[in-house]
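The following exercises introduce a protein chain through a series of short tasks. Each task is followed by a worked solution.

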Amino acid sequence: MTTRIGITGAAGRMGRTLVEAIDQVDGLQLTAAIESPQSSLLGADAGELAGLGRNGVTVVDSLESVIDSIDVLIDFTVPAATAANVAVCADKGVAMAIGTTGFTPEQQLVIDAAATRIAVCKASNFSTGVNLCFKLLDMAARVLGDDVDVEVYEAHHRHKIDAPSGTALSMGQVVADALDRDLDRVAVYGREGQTGARKRETIGFATVRAGDIVGDHTVTFAADGERVEITHKASSRMSFARGAVRAAGWLAEQKAGLYDMRDVLGL
Ligand code: NAP
C-alpha cells in the first residue's frame, strides 16, 4: 500500500530536500506541497523546485485545500504555521511528522492536544546519528554524574532564526533527565561580564551562527584531568530528511500519541 505524503514548507531548505528523499523511498508518494500564502513559488512544480524534474505536484497556499489527499504531513516551517497545521491535521485524522523548532510553551500545548487525536512524531533532530548521540549522552551522564561540568556547544548557518538549536536543548534535556536536574533551573544561555565561578549543577549552552554550517553539536563532560566530548556534525540536510521520511512511513501505522525519533528507531 502507498502512503500519501504532504509537505508544508515545500519550497524551503528542508522542504526541497524532503521532496528528494520521498522520491527515493518505495511505498511513499508525494501528493501535496504547501507553502506560505506570501511565497513567490506558489504554482511551481515541487519536483522541479527540488531539482528532480516535474512530478506534477503543484505548490499551493492552503493545507485545507489538499488535506484529503494526505495520509501523513511532514512539516518543517515556522512555529506559528506548525501550530495551525497540527490543528488541521487533528481535525482530519492525518498523522504528522514535525521538524520545526523554537515552539513557545503555548504552541507546545497545541501539539500535545493534537497528539491525543492523531499520531505525531516531533523531533528537534531527525538524523539517526543525533538520536544515537542522545543515547550516548544519557549513558555518559549516568557514568560521569555530578563529578563533571556539562557544556553544550552548537553551530548553524546564518539563516537559522532560533537559538540555542532545538537539538542542543534536547541534548541538555537528556543530560538533565539522567542527572535528575530541572533544565529550566540549571540552564545557562551564554555568559558575559562578572559571571562568578561556575556552579557544578549548571548546564551551559554556547551558540555560533556562521556561513552555511548545516549543524554541529558537541556536549563536553569536563572533570579535573580529563574530559569526554560527544560530537555530531551534519554535512547534508539529507540526514534529517531521510529520518523524517522514515518517521512518516512509521507514523502511518501508529495510533494517536506523541512520539519522537527514538521511538521510530526503537532506541
Ligand atoms: P526555511 O528554508 O526557511 O523553510 C521554511 C519554509 O516554510 C519556507 O519556505 C517558508 O516560506 C515556509 N512557511 C512559512 N510559513 C508557512 C506556512 N504558513 N505554510 C507553509 N509554509 C510556510 O527553513 P529550514 O532551514 O527548512 O528549516 C525549517 C524548520 O525546520 C526550522 O524550524 C528549523 O530549525 C527546522 N529544522 C529541523 C530539523 C530536524 O531534524 N528536526 C532539521 C533542519 C531544520 P517563506 O520563506 O515564504 O516564509
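**Exercise 1.** What percentages of helix and strand does the chain have over residues 4-126, and how far apart are the end C-alpha atoms?

*Solution.* This is a predicted model, in which local features need pLDDT of at least 70 and side-chain atom pairs count only at pLDDT 80 or more, while totals for chains, interfaces and linings use all residues. Residues are numbered from 1 along each chain as its sequence is written, and side-chain values use heavy atoms, with hydrogens and water left out.

Step 1. Helices (H or I, at least four residues) and strands (E, at least two) are DSSP runs, numbered from the N terminus.

Step 2. Residues 4-126 are 32% helix and 21% strand. The C-alpha atoms at the two ends of this stretch are 20 Å apart.

Step 3. An unreviewed UniProt entry places the feature "domain: Dihydrodipicolinate reductase N-terminal" at residues 4-126. UniProt positions follow the numbering used here, feature names are shortened, and annotations may be inferred rather than shown by experiment.

**Exercise 2.** Describe the chain as a whole, and state why it counts as being as compact as a globular protein of its length.

*Solution.* Step 1. The chain contains nine helices and 12 strands.

Step 2. Its radius of gyration is 19 Å, close to the 18 Å that the globule rule gives for 267 residues, so the chain is as compact as a globular protein of that length. The radius is taken over C-alpha atoms, and the rule is 2.2 Å times the number of residues to the power 0.38.

Step 3. The C-alpha trace spans about 60 × 40 × 35 Å along its principal axes.

Step 4. Of the 267 residues, 49% are buried (under 20% relative accessible area, with a 1.4 Å probe and protein chains only).

**Exercise 3.** Locate the annotated binding site, and determine whether Gly166 and Thr167 are buried or exposed.

*Solution.* Step 1. The unreviewed UniProt entry places the feature "binding site" at His157, Gly166 and Thr167.

Step 2. Gly166 lies in helix 6, which covers residues 166-178, and Thr167 is also in helix 6.

Step 3. Gly166 counts as buried because its relative accessibility is 13%. Thr167 counts as buried because its value is 3%.

Step 4. Contact means heavy atoms within 4.5 Å. Leaving aside neighbours within four places in sequence, Gly166 is in contact with Thr101 and Ser124. With residues up to four places away in sequence not counted, Thr167 touches Ser124, Asn125, Val130, Phe134 and His217.

Notes. Buried means under 20% relative accessible area, exposed over 50%, partly exposed in between (1.4 Å probe, protein chains only).
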